[in-house]
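Grab a coffee and open the model in your viewer. Try each exercise yourself before you read its solution.

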Amino acid sequence: MRQTFLPDQPFSRHLRKTRKALGCACLVLAFGAGLRAAEPAPKKVKITAARIWELWPKVKVSPSDPYQLRGPDVQSALNDLRKKSKGALRVEFEGRSAEGRPLPLAQWGQGDLKILLWSQMHGDEPTATAALLDLLHFLVSQPKHKLVRQLQERLQLFFIPMLNPDGAERTRRRNAQGIDINRDALTLTTPEGRFLKEIRDRYRPEIGFNLHNQDRRTSAGETRKPVMISLLAVAYEPGGGNNLGRVRSKKICSLIYEALGPYCYGGMARYDDSFNVRAFGDRMSAWGTYTVLIESGWPGKGGEEFLVRVNFLALLKALQALADGSVQDANPAVYDALPENQGGLIFSRIFRGITVWNGNAAGPFTTDVGLNFNESFDGKKQRQERGAVADVGDLSVFAGEKEVAAGGWVVSPSDLKEGSPQGEIVPGARTLYFYRRKTPAAGVEFSNLEPAGRLLQGAWEESP
Ligand SMILES: [Zn+2]
């Protein structure tokens, strides 16, 4: 069943309707999907998503830009947390990356239900690493908090924040061998992949959380609204069967969706759920550690910190429901009804109705120009965005993160001060000159144009 979520519908009303519509369909699935139904139900700790949201600024220890995090930062943060925990948190660095950087394992809680959470197996995806540090700080700094006490009693948590410190050092996806660790679950060529597998085999956690970042220009289904968080109840076999473990993963995703609703409504989607035989989440699930994938995407106006906070809430809410058993009450069909991730519908910037002047025989014409910006890093690890033309033509079916009504604008492949333009504005072009007309006029008389900005070898410069 698929349902399109209308972004203008209030979240609470949407939720009521979804629950009503889906309630009957999943009675069978909902029944018996909790794998620990035989145990006496623990007391439920009442703490709302809103209270967890408000908790985060008080416990946050991560840097405001998670992209600044490197292996040594994670090490020293974990060592500080260990000292603070007075024995509650065990931290070891027994693993080594391809370049010999320590791989951490932090262990907390005395319960029976074992859960493994790992982040940043792709070196340039640090948002959840920051959230894990904040979450650990909450656990060790507030041992008397009723939620912390319950989590400690019921759960045993294994954290691997930043599985790929070599990739993080380079701000790139792959490890120092040039291998994508998340395609290494079968051959285990990477030491990082072997470490993750070894930890799984040693402790045999029932549940895994695999934490990533995805392209911020992903759309929630056809909505052209950018996805802030996408969720995946990872398949354990080709064809996507629904055994008890997978249904529980779906229930966890449904719970997360409902908790995040007030903050991310319209910006949540389901990740591609086809079974990927080489990927860790899929293998983990096949090995019996049923895994939930959380992908952080578009940060919106709140920036990366917003997504760190969202991850903190998602994870803590999921852990709470696993600890008190309320995960059993969740409706897996809420997850099934999420729109799917869709790429290619969102550009970073679209100039609508702009006059394009390439200076060739085609003459000036009016159309849309879309640019995509991707992050890159200079030698000092400062983030910068580099852009290029993504498409030219009728872009009415696409959305821009930024939309520019460019009816009075002219764009040229070269500086018009120098004379007639040279070059072409085609996908991949990285240098463009933008002008605004001083007075409305059809032509491209230079005397009627003032510079509006330029893209110079990919770098955007606004004209003063
Ligand atoms: Zn990733």
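Below are six exercises, each with a worked solution.

Before you start, note that residues are numbered from 1 along each chain as its sequence is written. This is a predicted model: local features need pLDDT of at least 70, side-chain atom pairs count only at pLDDT 80 or more, and totals for chains, interfaces and linings use all residues.

**Exercise 1. Find the domains of the protein chain and describe where they touch.**

Step 1: Split the chain. Domain 1 covers 11-342 and domain 2 covers 346-462; such bounds come from an automatic or database domain assignment.

Step 2: Check the spacing. The C-alpha centres of domain 1 and domain 2 are 40 Å apart.

Step 3: Look at the contacts, where two residues count if their C-beta atoms, placed from the backbone, lie within 7 Å. Domain 1 puts 7 residues in contact with 8 residues of domain 2. On the domain 1 side, these break down into 2 nonpolar, 3 polar and 2 charged residues. (Ala, Val, Leu, Ile, Met, Phe, Trp, Tyr, Cys and Pro count as nonpolar, Asp, Glu, Lys and Arg as charged, and the others, Gly among them, as polar.)

**Exercise 2. Work out the order of the 8 strands in the open sheet, and what happens at its edges.**

Step 1: Get the elements. Helices (H or I, at least four residues) and strands (E, at least two) are DSSP runs, numbered from the N terminus. Two strands pair if DSSP finds at least two bridges between them.

Step 2: Read across. The order is β1-β2-β4-β3-β5-β9-β7-β8, with mixed pairing.

Step 3: Go to the edges. β1 (89-96) and β8 (268-270) each have a single partner strand, so one side of each lacks a neighbour in the sheet.

Step 4: Follow one edge inward. β7 (residues 229-233) and β8 run parallel and are joined by 3 bridges, and S230 sits opposite A269 in β8.

**Exercise 3. Place β4 among its partners: which runs parallel to β4, and which antiparallel?**

Step 1: Take β2 (residues 102-108). This strand is antiparallel to β4, with 3 bridges between them, and Q107 faces F158 in β4.

Step 2: Take β3 (residues 113-119). Here the run is parallel, with 6 bridges to β4, and I115 is opposite L157.

Step 3: Ask how covered β4 (residues 155-160) is. 5 of its 6 residues are buried, where buried means 20 or more other C-beta atoms within 10 Å of a residue's own, exposed means 12 or fewer, and partly exposed is in between, with C-beta atoms placed from the backbone.

**Exercise 4. Explain why helix α10 counts as largely enclosed.**

Step 1: Count. In α10 (residues 280-287), 6 of the 8 residues are buried, so the rest of the structure largely encloses this helix.

Step 2: Name them. The buried ones are F280, G281, D282, R283, M284 and S285.

Step 3: Find what they pack against: α8 (191-203), β5 (207-213), α9 (244-264) and β9 (290-296).

Step 4: Step off the end. G288 follows α10 with a positive phi, near 110 degrees.

**Exercise 5. Map the nonpolar cores, starting from the largest.**

Step 1: Know the rule. A nonpolar core is a set of buried Ala, Val, Leu, Ile, Met, Phe, Trp, Tyr and Cys residues joined through C-beta atoms within 7 Å.

Step 2: Find the hubs. In the largest core, of 101 residues, L231, L260 and M268 touch the most other members. Helix α11 (residues 303-324) is the top contributor, giving 13 residues.

Step 3: Zoom in on L260. Not counting residues up to four places away in sequence, L260 touches I229, M268, V310, L313 and A314.

Step 4: Look for a separate core. Apart from the largest one lies another, of 24 residues, including I354, V356, V411 and V444.

**Exercise 6. Where do K86 and T171 sit, and what is the sign of phi in K86 and in T171?**

Step 1: Recall the background. Most residues other than glycine have a negative phi.

Step 2: Check K86. Its phi is positive, near 50 degrees, and K86 lies in the loop between α4 (71-84) and β1. K86 has 9 other C-beta atoms within 10 Å, so it is exposed.

Step 3: Check T171. Its phi is also positive, about 45 degrees, in the loop between α7 (165-170) and α8. With 18 other C-beta atoms within 10 Å, T171 is partly exposed.
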